[in-house]
Amino acid sequence: MANVAARSFARLFLGLKLACAECHDDPREPWTQAEFWGLAAYFGRVNPNDDRGQDGQFVRPGTIAERTGYKAPKGSDFRMTPRADGSLPVHAEAWTGAGGYHAPRVLGGRPRNYVVGQAMVPELANWAAAPDNPYLARAAVNRWWAHFFARGLVHPVDDFRPDNPPTHPEALAVLADEFTRSHHDLRHLIRCVCATAAYQRTSRPAPGNETADGASYARMPVKVLTAEALVDSLG
């Protein structure tokens, strides 16, 4: 499903929640519905159930009709089948303006047309990992910070937006810049996080931080085992 893939891609790799933009333009959010469906178009040719991995040959039936309450005519098959140029159809019932085809576009970019057989997802990945793209570096730093400190500098970790600023924007900026300069070296990022004074602190309360919350990082939080680690420990 192109729309599901777009939401997951944005949350995992960009730290952005785009679920609202899937159905309407929200004046409180920077992303429009057109931008969401432009991002979703990059995944229109991808079928997660196709183990042959051939881009553009198989399309999985969509579920937008179910999410929006649209009732397809009896006997019809509601599918999000892209055109040859990669543009993705969006039914009028799932669009606040009008239905139609929407060309692939990255967030903040212009619509892009592709030719038959031209790979689309690799270009999206190149855009996400580009040195001048701030989203991937910030999202990666925030997730690894949350891994070590039980919460991210932006919390929740996939909710970067203007009205949910980071608790320590300077730290996030420094680590994101370093991650970009290292060509997205995760081992280097982990070393940087573990070398911080915040990570070196004890979890025991000390005078002055007895009531400190986790967002202040005044002491190392006591973290519970993850579900996977708990299962492994019982084995």
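## Exercises on burial, pairing and packing

R161 counts as partly exposed, with a relative accessibility of 26%. The model in which these exercises are set is a predicted one.

### Exercise 1: a salt bridge and its surroundings

Task: Find which residue forms a salt bridge with R161, and then decide whether D159 counts as buried or exposed.

Solution. Step one is to look for an acidic partner of R161, and D163 is found there, with the closest N and O atoms 2.5 Å apart. This distance satisfies the cut-off of 4 Å for a salt bridge. Step two compares the two partners with the accessibility limits: D163 is exposed because its relative accessibility of 52% is over 50%, while R161, at 26%, falls in the partly exposed range. Step three turns to D159, which is located in the loop that runs between α6 and α7. D159 has a relative accessibility of 8% and therefore counts as buried. The side chain of D159 also makes a polar contact with the side chain of R161, at 2.8 Å. Leaving aside residues up to four places away in sequence, D159 touches G15, K17, V154 and N164.

### Exercise 2: two further salt bridges

Task: State how many salt bridges the rule gives, and work out where in the chain the partners E22 and R7 lie.

Solution. The count comes to 8 salt bridges. One of them is formed by E22 and R7, whose closest N and O atoms are 2.7 Å apart. This pair links distant parts of the chain, since E22 belongs to helix α2 (residues 19–23) and R7 to helix α1 (residues 2–14), with their positions 15 residues apart. Both partners are buried: E22 has a relative accessible area of 1%, and R7 has one of 18%, which is under the 20% limit. Another salt bridge joins the side chains of D26 and R28, at 3.2 Å from N to O. Here the partners fall on opposite sides of the limits, as D26 is buried with a relative accessible area of 9%, whereas R28 is exposed with 65%. As general background, side chains of opposite charge can pair when their charged atoms come close.

### Exercise 3: the nonpolar core

Task: Name which residues have the most contacts inside the largest nonpolar core, and say which element gives the most to this core.

Solution. Begin with the elements themselves: the protein has 10 helices and 2 strands, and from the N terminus their order is α-α-α-α-β-β-α-α-α-α-α-α. The largest nonpolar core holds 45 residues, and L14, L16 and W127 have the most contacts inside it. At least two residues of this core come from each of α1, α3 (33–41), β1 (88–90), α5 (121–128), α6 (134–149), α7 (169–181) and α8 (186–194). Helix α6 gives the most, with 8 residues. To follow one core residue, take L14, which touches F9, L107, W127, A128, Y135, L136 and A139 when residues up to four places away in sequence are not counted. Over the protein as a whole, 38% of the 235 residues count as buried.

### Exercise 4: backbone features in the loops

Task: Find which peptide bond is cis, and decide whether Y217 is buried or exposed.

Solution. The general expectation comes before the search: most residues other than glycine have a negative phi, and most peptide bonds are trans. The bond from H155 to P156 is cis, with omega near 0 degrees, and P156 lies in the loop between α6 and α7. A positive phi of about 60 degrees is found at H183, which is not a glycine; this residue lies in the loop between α7 and α8. Y217, in the loop between α9 and α10, likewise has a positive phi, near 55 degrees. Their accessibilities lead to opposite classes: H183, at 71%, counts as exposed, whereas Y217, at 3%, is buried.

### Exercise 5: a nonpolar surface patch

Task: Identify which residues form a nonpolar patch on the surface, and place L230 in its helix.

Solution. The patch consists of L225, L230 and L234, which together have about 330 Å² of accessible area. L230 lies in helix α10 (residues 227–234), and at 42% relative accessibility L230 counts as partly exposed. For the setting, the protein exposes about 13,400 Å², of which carbon and sulfur atoms supply 55%.

Methods
Residues are numbered from 1 along each chain as its sequence is written. This is a predicted model: local features need pLDDT of at least 70, side-chain atom pairs count only at pLDDT 80 or more; totals for chains, interfaces and linings use all residues. Side-chain values use heavy atoms; hydrogens and water are left out. Helices (H or I, at least four residues) and strands (E, at least two) are DSSP runs, numbered from the N terminus. Buried means under 20% relative accessible area, exposed over 50%, partly exposed in between (1.4 Å probe, protein chains only). A nonpolar core is a set of buried Ala, Val, Leu, Ile, Met, Phe, Trp, Tyr and Cys residues joined through side-chain atoms within 4.5 Å. Contact means heavy atoms within 4.5 Å. Accessible areas come from the Shrake-Rupley method with a 1.4 Å probe; for residues, only the protein chains shown count as cover. A polar contact is a pair of N or O atoms within 3.5 Å; within protein, one must be able to donate a hydrogen and the other to accept it, and residues adjacent in sequence count only if both atoms are side-chain atoms. Patches are made of residues with over 30% relative accessible area and no salt bridge: like charges are joined within 9 Å, nonpolar side chains (Val, Leu, Ile, Met, Phe, Trp, Tyr) within 5 Å.
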